[in-house]
Amino acid sequence: KRVVFLKQLRSGLLLVTGPFKANGCPLRRMQQSFVIATSTKIDISEAKLPDHLNDDYFRRVSLKVRDGKKDENIFALTKQKYEISEQRKVDQKAVDAAIFASIKSKHTSENAVLKKYLASTFSLRHGVYPHKLNF
């Protein structure tokens, strides 16, 4: 998917977002080797990113195995499902709003095209090499 680079975290990973409203990609950490940079630029210098978006924010949450009653079968143990916290939802909406505001204010002539560009998926065909492309 096409994403917007927000910042580099202390661990060296990149903080990117879709934005979620455009293509369904949430705030996430990505390794640099999985990213292909393009010449398309969005000025997000005025966008305020929350300070708590760091590596600790994205740590895995250990899901505990909960058991029913003691007398039940041991194979009846169920694992808890991961649920997105309200903090992540609020942060995602804030970052998406900041990105869309910067697109709207700075890129007025390309507004609709840029939104479609972010919503489209990236793919390569047979015989097309990413290192030979000029974005």
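## A buried leucine in helix α3

At 7% relative accessibility, L114 counts as buried, since the cut-off for that label is under 20%. The structure you are looking at is a predicted model, so please read every value here as computed from that model. L114 lies in helix α3, and a good way to place this leucine is by a residue far from it in sequence. I42 is 72 residues away along the chain, yet the C-alpha atoms of L114 and I42 are separated by 9.3 Å.

Helix α3 also holds N111. With a relative accessibility of 16%, N111 falls under the 20% limit and therefore counts as buried too. If you set aside the neighbours within four places in sequence, N111 is in contact with I103 and K104. Helix α2 spans residues 86-106, and helix α3 spans 111-119.

## The overall layout

Stepping back, the protein has three helices and five strands. Following the chain from its start, the order is β-β-α-β-β-β-α-α.

The protein has 135 residues, and 24% of them count as buried. About 10,500 Å² is exposed, with carbon and sulfur atoms supplying 53% of that area. Contacts across the sequence can be summarised too: among contacts between residues at least 6 apart in sequence, 55% join residues at least 24 apart.

## Salt bridges

How many salt bridges does the structure hold? There are three. One of them joins D55 and R29, whose closest N and O atoms are 3.5 Å apart. This pair links distant parts of the chain, 26 residues apart: R29 belongs to strand β3 (28-30), while D55 sits in the loop between β3 and β4 (65-66). The two partners also fall into separate exposure classes. D55 counts as buried because its relative accessibility is 10%, whereas R29, at 27%, counts as partly exposed.

Another salt bridge is formed by R59 and D56, with 3.7 Å between the closest N and O atoms. Here R59 is partly exposed, with a relative accessible area of 47%. D56 reaches 56% relative accessibility and so counts as exposed. A further bridge brings together the side chains of K89 and E86, at 3.6 Å from N to O. Both residues are in helix α2, and because they are three residues apart, about one helical turn separates them. K89 is partly exposed at 39% relative accessible area, and E86 is exposed at 55%.

## Around the ring of Y57

Which residues make up the aromatic pair? The count comes to one such pair, and it consists of Y57 and F58. Their ring centres are 5.0 Å apart and their planes stand at 85°, so the pair is edge-to-face; the cut-off for that class is an angle over 60 degrees. Both Y57 and F58 are buried.

Y57 has a charged partner as well. The charged end of R88 sits over the tyrosine ring, 5.0 Å from the centre of that ring. Y57 thus takes part in the edge-to-face pair with F58 and also has the charged end of R88 over its ring.

## At the surface

For those who like to look at nonpolar surface, I36, L124, V128, L133 and F135 make a patch of about 360 Å². One of these residues, L124, is found in the segment after α3. L124 has a relative accessible area of 36%, so it is partly exposed; that value also passes the requirement of over 30% for patch members.

S33 gives another view of the outside. This serine is found in the loop between β3 and β4, the loop that also holds D55. Is S33 buried or exposed? With a relative accessible area of 61%, S33 is exposed. The C-alpha atoms of S33 and L13 are separated by 9.7 Å, and the two residues are 20 apart along the chain.

Technical notes:
Residues are numbered from 1 along each chain as its sequence is written. This is a predicted model: local features need pLDDT of at least 70, side-chain atom pairs count only at pLDDT 80 or more; totals for chains, interfaces and linings use all residues. Side-chain values use heavy atoms; hydrogens and water are left out. Patches are made of residues with over 30% relative accessible area and no salt bridge: like charges are joined within 9 Å, nonpolar side chains (Val, Leu, Ile, Met, Phe, Trp, Tyr) within 5 Å. Accessible areas come from the Shrake-Rupley method with a 1.4 Å probe; for residues, only the protein chains shown count as cover. A salt bridge is a side-chain nitrogen of Lys or Arg within 4 Å of a carboxyl oxygen of Asp or Glu. Helices (H or I, at least four residues) and strands (E, at least two) are DSSP runs, numbered from the N terminus. Buried means under 20% relative accessible area, exposed over 50%, partly exposed in between (1.4 Å probe, protein chains only). Rings of Phe, Tyr and Trp (its six-membered ring) pair if their centres lie within 6.5 Å; planes under 30 degrees apart count as stacked, over 60 as edge-to-face and the rest as tilted. A charge sits over a ring if NZ of Lys or CZ of Arg is within 6 Å of the ring centre and within 35 degrees of the ring normal. Contact means heavy atoms within 4.5 Å.
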